[in-house]
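Welcome! Here are a few short exercises to work through with the structure open beside you.

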Amino acid sequence: MTASRWAATSDWRMASREPIGLAPDPRATPEPVVQVYAARAVRWRGYFGVHTWIAVKPDAAAEFTVYEVNGWRLRRAGSAINVTNRAPDARWFGSKPDLIAERRGAGVADLIARIEVAVATYPYADTYRVWPGPNSNTFVAYVLRSVPELRADLPATAIGKDYLGARLVAKSPSGTGVQFNLFGLLGALAGVEEGLEINVLGLTFGVDPLDLALKLPLAGRLGFGSAADVAEGSPL
């Protein structure tokens, strides 16, 4: 991402929340859809990391349901989990989102059912910390471990994705590998989708051999590889 996409607006409350055309029109798309997005966080946080979320559209549904975690939601409602029908590809307070993964059609109804169960069992709904977690990226990583079919590789800038709470070992967020982590502060990860990653104080350093890419703090991914893993035959 370029520096211009990192920049905070002078007033985030006035920043654009308009969709950018990455999500299909649900009224013209009867098949079920799952999408995973990431966008630079609000204000100064955007220089360091991204906010991630998951959107689902069940079979024949007229709108998407978006699942995400917000600190302000916790303060207002007692739970950090925010469930809305907003446009899934809307700008995140001015920041253009990237489509990280998508699946459509056959088998997606089962993925949506598992996503709903994972959302309902997220263990940190009553806690939010920007660093080192649990935060929005902790939530999305937790849910993604239930649906490895998405093979979603969260950005290196998704600070908090490696937070495991009291656990030391878990599947990688993509479900294609394994990771060790100590409270989101120190750890290592190896996965088919993620490659090799080292986590130091919440910052990710890594290499993705399949996509010939480096993963670095602030910059994110440097190299080749697509922005999203999209099911074969599924147009963006």
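Helices (H or I, at least four residues) and strands (E, at least two) are DSSP runs, numbered from the N terminus. This is a predicted model, where local features need pLDDT of at least 70, side-chain atom pairs count only at pLDDT 80 or more, and totals for chains, interfaces and linings use all residues. Residues are numbered from 1 along each chain as its sequence is written, and side-chain values use heavy atoms, with hydrogens and water left out.

**Exercise 1.** Locate arginine 151 and describe its backbone and exposure.

*Solution.* Begin in the loop between α4 and β6 (169-171), where arginine 151 sits. Next, check phi: for arginine 151 the angle is near 50°, a positive value in a residue other than glycine. Most residues other than glycine have a negative phi. Finally, arginine 151 is partly exposed, with a relative accessible area of 32% (buried means under 20%, exposed over 50%, partly exposed in between, using a 1.4 Å probe and protein chains only).

**Exercise 2.** Find the cis peptide bonds at proline 132 and proline 134.

*Solution.* First, tryptophan 131 and proline 132 are joined by a cis bond with omega about 0°. Then go to glycine 133: its peptide bond to proline 134 is also cis, with omega near 5°. Proline 132 lies in the loop between α3 and α4, and proline 134 is in the loop between α3 and α4 too.

**Exercise 3.** Why is helix α4 largely enclosed by the rest of the structure?

*Solution.* Count along residues 136-144: 8 of the 9 residues of α4 are buried, so the helix is largely enclosed. Among the buried ones are Phe139, Val140 and Leu144.
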